[in-house]
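Reader: I have a structure open on my screen and would like to talk it through with you, piece by piece. Could you start with whatever I need in order to follow the first point?

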Amino acid sequence: MSLRVWDERVLPRLTDRALRGHEVGELRAAACAGLTGRVLEIGFGSGLNVRWYPPDVTSVTAIEPSDVGWELSEPRRSRSDVHVQRAGLDGQRLDLPDDSHDSALVTFSLCTIPDPLEALREARRVVRQGGRLHALEHGIAPEESVRRWQRRIEPPWGAVAGGCHLTRDMPALLESAGWRVEHREQEYLAGPALARPWTYVYRLVAG
């Protein structure tokens, strides 16, 4: 199997299965709470956030590079009252007007976007003054012992996981892109210590 087939056909299905469990679902619900109006979602994936959109969300502009991910999301989109429109493939270059959205949402995507700063700057441009960015991401852990493993594992992991990075400092990325972090929670997901390089999770709200 070629790497292209793996990335385009297999990985979106594996990601859908890996990130739809109960514990992650609770984190998604918390990340989506407070979203309002027209929402920009960067890294829409297979639509795992759709069930958690709050009633104040009127529409979602989905940025998603994977055709397979978009196809997998169809049953979730069809069950939702929220209109979701796919409006681009690349979060780093949004063909959307300035100040055209009320909120932004990004979950488990900043780890794989080649230039996350550019994507976050684009979200800052598109979200109106006073709007909020809600993020749920995994990234660099606080303990140096875990960081060492993250640095060692990251190159081979990225090669098989669509370019996923384990060592990105998510709050620092948001701040560098012009967002001001107003709320942050960070913790390891439940599970064995062996999984810690992958499971240090940040939930952030920034304005």
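Author: Before the first point, one term is needed: a residue is called buried when its relative accessible area is under 20%. Please also keep in mind that this is a predicted model.

Reader: Fine, so how many residues of strand β7 are buried?

Author: In β7, which spans residues 200-206, 7 of the 7 residues are buried, so the strand is largely enclosed by the rest of the structure.

Reader: And which residues lie on one side of β7, and which on the other?

Author: Tyr200, Tyr202, Leu204 and Ala206 are on one side, while Val201, Arg203 and Val205 are on the other, and both faces of the strand are covered.

Reader: Which strand does β7 join through 6 bridges, and which one does it pair with over 7?

Author: The 6 bridges join β7 to β5, and these two strands run antiparallel; within that pairing, leucine 136 has arginine 203 of β7 as its bridge partner. The 7 bridges belong to the pairing with β6 (residues 181-188), which is also in the antiparallel sense, and there glutamine 186 stands opposite tyrosine 202 of β7.

Reader: Switching to the helix α5, which of its residues are buried?

Author: In α5, which covers residues 116-126, the buried ones are Pro116, Ala119, Leu120, Glu122, Ala123 and Val126. Looking down the axis of α5, these buried residues fall within an arc of 155°, so they line one face of the helix.

Reader: What covers them?

Author: The cover over the buried residues of α5 includes the strands β1 (37-42), β4 (101-107) and β5 (127-138), together with α7 (170-176).

Reader: Staying with β1, how many of its residues are buried, and which strands does it pair with?

Author: Strand β1 is mostly covered, with 5 of its 6 residues buried. It runs parallel to β2 (residues 57-63), to which 6 bridges join it, and glycine 37 has valine 57 of β2 as its bridge partner. Strand β1 also pairs with β4 in the parallel sense, over 4 bridges, where leucine 40 stands opposite alanine 104.

Reader: Back on α5, is arginine 124 buried or partly exposed, and what does it touch?

Author: Arginine 124 is found in helix α5 and is partly exposed, with a relative accessible area of 21%. Leaving out residues up to four places away in sequence, arginine 124 touches Gly131, Ala177, Gly178, Trp179 and Gly207.

Reader: Which backbone atom lies 3.2 Å from a polar atom of its side chain?

Author: That is the backbone oxygen of glycine 207, lying 3.2 Å from a polar side-chain atom of arginine 124.

Definitions and conventions
Residues numbered from 1 in each chain as written. Predicted model: local features only at pLDDT ≥ 70, side-chain atom pairs only at ≥ 80, totals over all residues. Heavy atoms only, no water. Buried < 20%, exposed > 50% of the residue type's maximum accessible area, 1.4 Å probe, protein only. Arc of directions from axis to C-beta. Contact = heavy atoms within 4.5 Å. Pairing = 2+ DSSP bridges. Polar contact = N/O pair within 3.5 Å; in protein donor to acceptor, adjacent residues only side chain to side chain.
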